[in-house]
Amino acid sequence: MTARAAQLTPAQMDAFWMPFTSNREFKAAPRMITGADGCYYTAADGSKKYDTLSGLWCASFGHGRPEIAEAIARAARTLDYAPPFQYAHPLGFELAERVARFTPKGLDRIFFTNSGSESADTAIKIAKAYWARRGHPEKNQVIGREKGYHGVNVGGTSVGGIAPNRAGFGELMGATHLPHTLLAENRFSKGCPEHGADLADQLEARIRDIGAEHVAAVMVEPMSGSAGVIIPPKGYLERLAAICKRHEILLIFDEVLTGFGRLGATFGAELFGITPDILTMAKNITNGAVPMGAVAVTEDIHAAFMDSTPLEYDAEFRHGYTYSAHPLACAAGLAALDVLERDDLVSRAADLAPYFEAQIHNLRGLKHIVDIRNLGLAGAFQIEALPGEPGRRPWQIALAAWERGLYVRFGGDTVQLGPPFIAEKADIDHICEVLAEVIPATP
Ligand code: PMP
């Protein structure tokens, strides 16, 4: 056990029930992080670990930004908390207008949450409530996608399509799932793969089965991150959007992971030239420094709520969180988006993306690597599963990489990369060199 971790008492180790963690494994050999600066974490033993996933895809502008820290401290001293229901503070309005300058044109009404999961469930509730407000309460079903990830609250868990995440909870919210687009014939594609656009047409069949009059929304990530960086086939999202439009079904883009630059464009919506009706955000909005999420909707959706609430003192949408638009999160958001703009980090991500693509695809042919996928500054190595032990190899790869000075994320049978936008080419080389040794050496 490392020196710093050893300072924790057994009671402290026992007390923290860690999220999405194999608690017993972790507590036997903790990987404790005690500091962060730029692209590096400091581990409890003082060693540096390159952050190959920008935390959890959220600290993409680099750790330890002083402007963000100072903005948070200033907010804490000035106004530590203000009730967001029927009262407000100016930073919420400032950040909403600021976010709306980043979101695709037309999506400029911003509802604040505290996480990606809350953004997903908020979006689902908005979609259902929208149709009810427009006089169609029966138009309330949501269609998601296999392998989709929309967080862990009830709505997002239901519409999400990662089967083990849904299992064991009994009845959640009903939802239908389109097939995922991870096809064998697309292996080792660079960027958007060639095959699979026609999978979008399955939406037509689902709509026929359910009836368009019962479908409120289709919810997808422009790029599925958590299930292993699944890149949409060329033309797929465009077809999905066209079908939604034809049947008057709302299209929700979950851009919690892709938002604010990850794909080398401000949003996936912008990259693909599609304007969804609802767009969810979180993660990079504060560069990960304070929990925050947001949902952007069109003027038409917003108006449905404003127009159909007769009492002037009644909330138009009976939804919100104690910490919606928290002053510290708003301050962090304003400072983070300043950094994004000032340092032109979306362009930086776009400029680095071709090099990232070339370098990670150089690992093709190494033992255990059965697919490599990438878009923008997101990438994944698909690792051949050990028979009967899914996920074991990527876990072992991550452990070995940690010893070699890299923090990497493993999920399912993938090793995922999402480097900070401030990464240098030499950093990409270093990540690939270490993984090129570690992956084939794993049993
Ligand atoms: N949606 C997507 C697309 C995500 O990638 C994530 C997080 N990985 C979430 C929702 C959930 O976000 P959070 O963990 O902040 O609740």
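Val218 stands opposite Leu251, a residue of strand β8. Its strand is β7, residues 215-220, and β7 pairs with β8 in the parallel sense over 4 bridges. Keep in mind that this is a predicted model.

How does the chain get from β7 to β8? Helix α11, residues 236-246, belongs to the same unit. Together β7, α11 and β8 make a right-handed β-α-β unit.

Now look at the other neighbour of β8. Strand β9, residues 278-281, runs parallel to β8, and 3 bridges join the two. One contact to find is Asp254, whose bridge partner in β9 is Thr280.

Is β8 buried or exposed? A residue counts as buried if 20 or more other C-beta atoms lie within 10 Å of its own. In β8, residues 250-254, 5 of the 5 residues are buried, so the strand is largely enclosed by the rest of the structure. Check both faces. Leu250, Ile252 and Asp254 point one way, while Leu251 and Phe253 point the other way, and all are buried.

Next, move to strand β15, residues 414-417, which is also covered on both faces. Thr414 and Gln416 lie on one side, Val415 and Leu417 on the other, and all are buried.

Here the pairing is antiparallel. Strand β12, residues 378-383, pairs with β15 in that sense over 4 bridges. Gln382 has Thr414 in β15 as its bridge partner. Strand β14, residues 409-411, also pairs with β15 in the antiparallel sense, over 3 bridges. In this pair, Arg409 stands opposite Gln416.

Finally, follow the turn. β14 and β15 form a hairpin with 2 residues between them. Gly412 sits in that turn and has a positive phi of about 55°.

Technical notes
Residues numbered from 1 in each chain as written. Predicted model: local features only at pLDDT ≥ 70, side-chain atom pairs only at ≥ 80, totals over all residues. Buried ≥ 20, exposed ≤ 12 C-beta atoms within 10 Å, placed from the backbone. Pairing = 2+ DSSP bridges. Right-handed = clockwise from strand over helix to strand, strands pointing away.
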